[in-house]
Amino acid sequence: MDDRELFETYNRDVYRTCYYMVHNAADAEDLCQDVFIAAFRSRREEIGNPKAWILKIAVNHCLNHLSRGRKLKLKVEDNRHLLAGEADKPVDRIVEDRETAGEWAGYLERLPGKIRAAVTLRYMHDFSLSDISEMLSVPLGTTKSRLHKGLRLMRKLLEKEGQADREGNYEETGRRTQASVK
């Protein structure tokens with residue numbers, strides 16, 4: 001069975017399955033296209049029951065779509081304060097947020113390049129460990145160790161900065177005050 005026959009034979013079944021799972025016509029059409037693209041790219045010489053095989057692909061695509069939608073919804077709800085817009089924030093809060101982002105960028109710049117890439121992909125872009133290992137072309141264990149080392153280095157940097165703040169207090173004018181001598 002060639003690609004055209006596969007599409008013509010199972011198009012309605014795949015679309016119907018996608019529609020019943022996601023309850024949205026536009027998403028169902030997109031998922032249907034994705035299913036057939038995946039089917040066309042795969043080897044199907046040894047498939048015994050093509051209908052069951054393609055509907056399994058459809059169900060998996062729909063489940064992934066629903067899972068991504070739930071995760072996105074949770075992220076939006078958890079970070080609603082970020083989406084509220086800066087017009088509602090007081091000016092001092094906007095300045096503080098920008099300074100904090102600049103500080104984190106400075107800490108990230110201190111990390112070695114390979115570790116910085118893993119930390120950025122994981123914690124700034126929320127990629128899974130397997131996605132990161134694929135993107136960086138390294139084994140999963142290497143990705144995990146880079147993330148662990150990156151977090152450990154960040155902790156050391158933050159502790160070092162915290163000690164520097166405790167050792168030398170600064171007044172608003174920027175001059176260093178002498179520590180109390182006993």
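Biologist: Let's start with the pockets. How much space lies in the largest pocket?

Modeller: Keep in mind that this is a predicted model. In it, the largest pocket holds about 310 Å³ of space.

Biologist: And how do I read its lining? Which residues line the largest pocket?

Modeller: Take the names, then ask where they sit and what kind they are. The lining of the largest pocket is made of Asn 64, Ser 67, Arg 68, Lys 71, Leu 72, Lys 75, His 125, Asp 126, Phe 127, Ser 128 and Asp 131. Helix 3, residues 50-78, gives the largest share of that lining, with six residues. By kind, the lining of the largest pocket splits into five charged, four polar and two nonpolar residues.

Biologist: What about the second largest pocket: how much space lies there, and which residues lie nearest its centre?

Modeller: The second largest pocket has about 250 Å³ of space. Eleven residues line the second largest pocket, and Trp 104, Leu 108, Tyr 123, Met 124 and Met 154 lie nearest its centre. At least two lining residues come from each of helix 5 (91-110), helix 6 (113-124) and helix 8 (140-167).

Biologist: How do the residues of that lining divide into nonpolar, polar and charged?

Modeller: In the second largest pocket, ten lining residues are nonpolar, none is polar and one is charged.

Biologist: Let's step back to the whole chain. How many helices and strands are there?

Modeller: The chain has eight helices and zero strands. Along the sequence that reads α-α-α-α-α-α-α-α. The chain has 182 residues, and 20% of them count as buried.

Biologist: What share of the contacts in the chain with a separation of 6 or more comes from residues 24 or more positions apart?

Modeller: Among contacts with a separation of 6 or more, 49% are between residues 24 or more positions apart.

Biologist: Now the core. What's the general idea?

Modeller: Nonpolar side chains tend to be buried together in soluble globular proteins. Here, the largest nonpolar core has 16 residues, and Leu 6, Val 14, Cys 18, Phe 36 and Ile 54 have the most contacts inside it. Helix 1 (3-22), helix 2 (25-41) and helix 3 are the elements that give two or more residues to this core. Helix 2 contributes the most to this core, six residues.

Biologist: Let me pick one of those residues. What does Cys 18 touch?

Modeller: Leaving out residues up to four places away in sequence, Cys 18 touches His 23, Ala 28, Leu 31, Cys 32, Ala 58 and Cys 62. There is also a second, separate core of nine residues, with Leu 108, Ala 118, Val 119 and Leu 147 among them.

Biologist: Cys 18 takes me to helix 1. Which residues of helix 1 are buried, and what covers them?

Modeller: For a helix, list its buried residues, then look for what packs over them. In helix 1, the buried residues are Leu 6, Tyr 10, Asp 13, Val 14, Thr 17, Cys 18 and Val 22. Their cover includes helix 2 and helix 3.

Biologist: Where does helix 1 bend, and by how much?

Modeller: The bend is at Tyr 10, and its angle is about 55°.

Biologist: Next, backbone angles. What is notable about the phi of His 23?

Modeller: Look at the sign of phi and at the residue type. His 23 is not a glycine, yet its phi is positive, about 55°. His 23 sits in the loop between helix 1 and helix 2.

Biologist: Is His 23 buried or exposed?

Modeller: His 23 counts as exposed because its relative accessibility is 62%, and the cut-off for exposed is over 50%. Ser 137, also not a glycine, has a positive phi near 55°. Ser 137 belongs to the loop between helix 7 (129-136) and helix 8. With a relative accessible area of 66%, Ser 137 is exposed.

Biologist: Moving on into helix 8, why does Thr 143 count as buried?

Modeller: Compare the accessibility with the cut-off: buried means under 20%. Thr 143 lies in helix 8, and Thr 143 counts as buried because its relative accessibility is 0%. Apart from neighbours within four places in sequence, Thr 143 is in contact with Leu 129, Ile 132, Ser 133 and Val 138.

Biologist: And Thr 142: what is its relative accessible area?

Modeller: Thr 142 is in helix 8 too, and its relative accessible area of 27% makes Thr 142 partly exposed. Thr 142 is 24 residues from Ala 118 in sequence, with 9.8 Å between them in space, C-alpha to C-alpha.

Note on methods
Residues numbered from 1 in each chain as written. Predicted model: local features only at pLDDT ≥ 70, side-chain atom pairs only at ≥ 80, totals over all residues. Heavy atoms only, no water. 1 Å grid on protein atoms, 1.4 Å probe; cavity = no way out; pocket = protein on both sides within 12 Å on 5 of 7 lines; lining within 4 Å. Points joined across faces, edges and corners; volume = space filled by probe spheres on them. Helix = DSSP H or I, 4+ residues; strand = E, 2+ residues; numbered from the N terminus. Nonpolar A, V, L, I, M, F, W, Y, C, P; charged D, E, K, R; others polar. Core = buried A, V, L, I, M, F, W, Y, C linked by side-chain atoms within 4.5 Å. Buried < 20%, exposed > 50% of the residue type's maximum accessible area, 1.4 Å probe, protein only. Contact = heavy atoms within 4.5 Å. Bend = angle between axes of the 7 residues up to and from the residue.
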